[in-house]
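Biologist: I'd like a close look at one small part of a protein, and then a tour of whatever it leads to. Could you keep it friendly for a first-year student?

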Amino acid sequence: MSEVRQMDGRREPTWQGYLRSDGRLGIRNRVLVVYTVKCAEFVARRIVERSASPEVELAGFDGCTDNQYAVDMLIALIRHPNVGAVLAVGLGCEYVQPEWLSDIARDAGKPTDWLFIQREGGTSKSVARGVAWVQRALEALQHTPRAEMGLSDLVIGAECGGSDYTSGLAGNVVVGRFFDALVDAGGTAIFEEIVEAVGLDALLLSRAADDRAREQLRRAYDKMLDYCRSVRQYSVSPGNFAGGLSTIEEKSMGAVVKSGSRPIRGVLKVSQTPPGKGLWLLDSVPDPHWMQFGITNPNDSEGLMDLASCGAHLVLLVTGRGSVVGSAVAPCLKVTGNAETFAAMGEDIDFDASGVLSGARTLDQSAGELMELIAGLASGRPTCAEALGHREYFIPYKYQDRPSACKEDAR
C-alpha cells in the first residue's frame, strides 16, 4: 500500500519497491522468459502459459541474423529493475545466443538459466524443463529484499496512440502537468515520438537545459525531418483525421505538450538509461544507414518497449480514440481525454482526463489524481492491461547508433 512522506515541504506518496543488486528499485518482480529467435517463440510462450502466473512474462526477438538494436533491447529488458529472474530460450542455430543473455542476467545479480531446444530434445522436454525452472525462480523471488520507494525513484515514459482532438486538449496536457510534478519531485520523465514534433523545433530548442542538450535536440529534429521526407510519410493516420485532427502540425502540438514544461536535459537512444534525473527526449528514429534498416514507431507496442528499454518502471499511453494494448516488463497505464471513449472502453483505459475539458476538474486536480493512481499501481495494483492479461511487445530489426550504456556488451 502507498503511504505519504514529506519531501522538501511536499507530501510525496511512498510504497515498497523491489531492491536489485545494482541498487535500483523495481515496482514489479517478474520472471522474464526471453526467446532469441522466432523458431523458439512457441516453446517460450508455452513455458509462460503453463507457469500460470501473472508474474511470468514473455519477450523476444524474431530475427535469426544479427541486429544490434534488438540485442541491446533484450539486454536492457533483462537488466530492467522490474525483472527479478530471466530464462533465455533458443533453438540452437540463431545468432543471438541464450547463454550470453543468461550471463548478462547473472552479472546483474538475477536468478537465470538458458536452454537450446535442439539439445533438450524438442518441444515437450524443453517446455517441461522451462516450467520447472520458472517455478523455482518464482519461489526464490518471494525473498527479494524490499525498500521504500517514492516519486523521486520513479522513471516514467509517455507516448500517444490513437490520438484525437482531445489528446492535445486534455489527455496529453494532464500527463504533461504530471511530468512537471514528477520532475519537481526529483523523478525522471521520458517522452518520445520526435516524428510528432514537426514544426516545433524552436519550442524544443528553447527548452534545452544547456548547450549540449540543444545540440542533441537540433540533431534529432533534423534527422527526423530527413527521415520523414525519405520515406514520404509523417506520423499521422486516417484515424487521427477521423478524430478531428487536421494536419501533422496540429497533431504535433498536441503530442509535444505531454512533455510538460520543464527543461529537456538531453536526448536518449533506445536502450539507454537516463544519465540523470529530470526530463528526457527518447529518439527512436533509425539512424542513417546504407541498408535503410527499420522504420520508426511501426506500432504502439514498439514505442512502449523503447521506453521500457530506457528503464521506465511504468509507461503512459495517451489515447483519444481508444487502445487495448499493454506492455511487457513495464506496466502500461492508458489515459484518455475523451469521455465517450472512456465510457465505451472503461475496462481497458485506466484514467479519464476529460474533466479538464468539461470543467469538472482543474488541470492540477486531474494531474494530482493521476499521480495518486500511479502511486497505487507502483505499490502493486494492476493496470487495466495487466488485469486483462495484455503483455504486448514488439522488437523489430532497426539500425541505430549504439547507446553508450550498451557498448560494454559488444562482443
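Biologist: Let's zoom in on one side chain, then: does Lys269 count as buried or exposed, and what is its relative accessibility?

Modeller: Happy to, but keep in mind that this is a predicted model. Lys269 counts as buried, because its relative accessibility is 18% and the cut-off for buried is under 20%. So what does a buried lysine have for company? Its side chain meets that of Asp287 in a salt bridge, with N and O 2.9 Å apart. Asp287 counts as buried too, at 7% relative accessibility. Now look at where the two partners sit. Lys269 belongs to strand β11, while Asp287 is in the loop between β12 and α11, so their bridge ties together parts that are 18 residues apart in sequence.

Let's walk on from that strand. Strand β11 covers 264-269 and β12 covers 278-283, and the loop between them holds Ser271. Have a look at the backbone there: Ser271 has a positive phi of about 80°, and yet it is not a glycine. Why is that worth a pause? Most residues other than glycine have a negative phi. Ser271 is also buried, with a relative accessible area of just 4%.

There's a second spot of this kind. Val329 is another non-glycine residue with a positive phi, near 75°. You'll find Val329 in the loop between β13 (314-318) and β14 (332-336). With a relative accessible area of 1%, Val329 is buried. Hold on to that valine, as we'll meet it again.

Next stop is helix α11, which runs over residues 300-309 and contains Asp306. Here is a contrast with the pair we began with. Asp306 is buried yet has no salt bridge. The nearest side chain of opposite charge is Lys398, 4.2 Å away. Why doesn't that pair make the list? A salt bridge needs the nitrogen and the carboxyl oxygen within 4 Å, so at 4.2 Å Lys398 doesn't give Asp306 one. Asp306 still has company, though: setting aside neighbours within four places in sequence, its contacts are Tyr69, Met73, Glu192, Val270, Leu282, Ser284 and Lys398.

Asp180 is a buried aspartate as well, with a relative accessible area of 7%. This one is in helix α6. Beyond its neighbours within four places in sequence, Asp180 is in contact with Ser259, Gly260, Ser261 and Arg262.

Back to salt bridges for a moment. Searching the whole structure turns up 27 of them. One of these joins Arg129 to Asp113, with the closest N and O atoms 3.0 Å apart. That pair links distant parts of the chain: Arg129 is in helix α5 (residues 123-141) and Asp113 is in strand β7 (residues 112-116), 16 residues apart. The two ends have unlike surroundings, since Arg129 is partly exposed at 30% relative accessibility, whereas Asp113 is buried at 17%.

Set beside that a bridge inside a single helix. Arg218 and Asp222 form one, again with 3.0 Å between the closest N and O atoms. They are 4 residues apart in helix α8 (residues 211-231), which means about one helical turn separates them. Both ends can be seen from outside to some degree: Arg218 is partly exposed at 29%, and so is Asp222 at 33%. Elsewhere, salt bridges join up into a network made of Arg28, Arg30, Glu55, Glu57, Glu386 and Arg391.

Now for the greasy residues. In soluble globular proteins, nonpolar side chains tend to be buried together. The largest nonpolar core in this model has 67 residues, and Leu77 is one of those with the most contacts inside it. Helix α2 (residues 68-79) supplies the largest share of that core, 8 residues. Leu77 touches Val329, the valine I asked you to remember, along with others including Leu32, Ala59, Met305 and Ile395. Apart from this core lies another, of 56 residues, with Phe178, Phe179, Ala208 and Leu217 among them.

Some nonpolar residues are out on the surface, too. Tyr165, Leu169 and Leu357 make a nonpolar surface patch of about 290 Å². Leu169 lies in helix α6, residues 167-184, the helix that also holds Asp180. Unlike a core residue, Leu169 is partly exposed, with a relative accessible area of 48%.

Definitions and conventions. Residues numbered from 1 in each chain as written. Predicted model: local features only at pLDDT ≥ 70, side-chain atom pairs only at ≥ 80, totals over all residues. Heavy atoms only, no water. Patch = residues over 30% accessible without salt bridge, like charges linked within 9 Å, V, L, I, M, F, W, Y side chains within 5 Å. Areas by Shrake-Rupley, 256 points an atom, 1.4 Å probe, with all protein chains shown as cover. Helix = DSSP H or I, 4+ residues; strand = E, 2+ residues; numbered from the N terminus. Buried < 20%, exposed > 50% of the residue type's maximum accessible area, 1.4 Å probe, protein only. Core = buried A, V, L, I, M, F, W, Y, C linked by side-chain atoms within 4.5 Å. Contact = heavy atoms within 4.5 Å. Lys, Arg positive; Asp, Glu negative; His and termini not counted.
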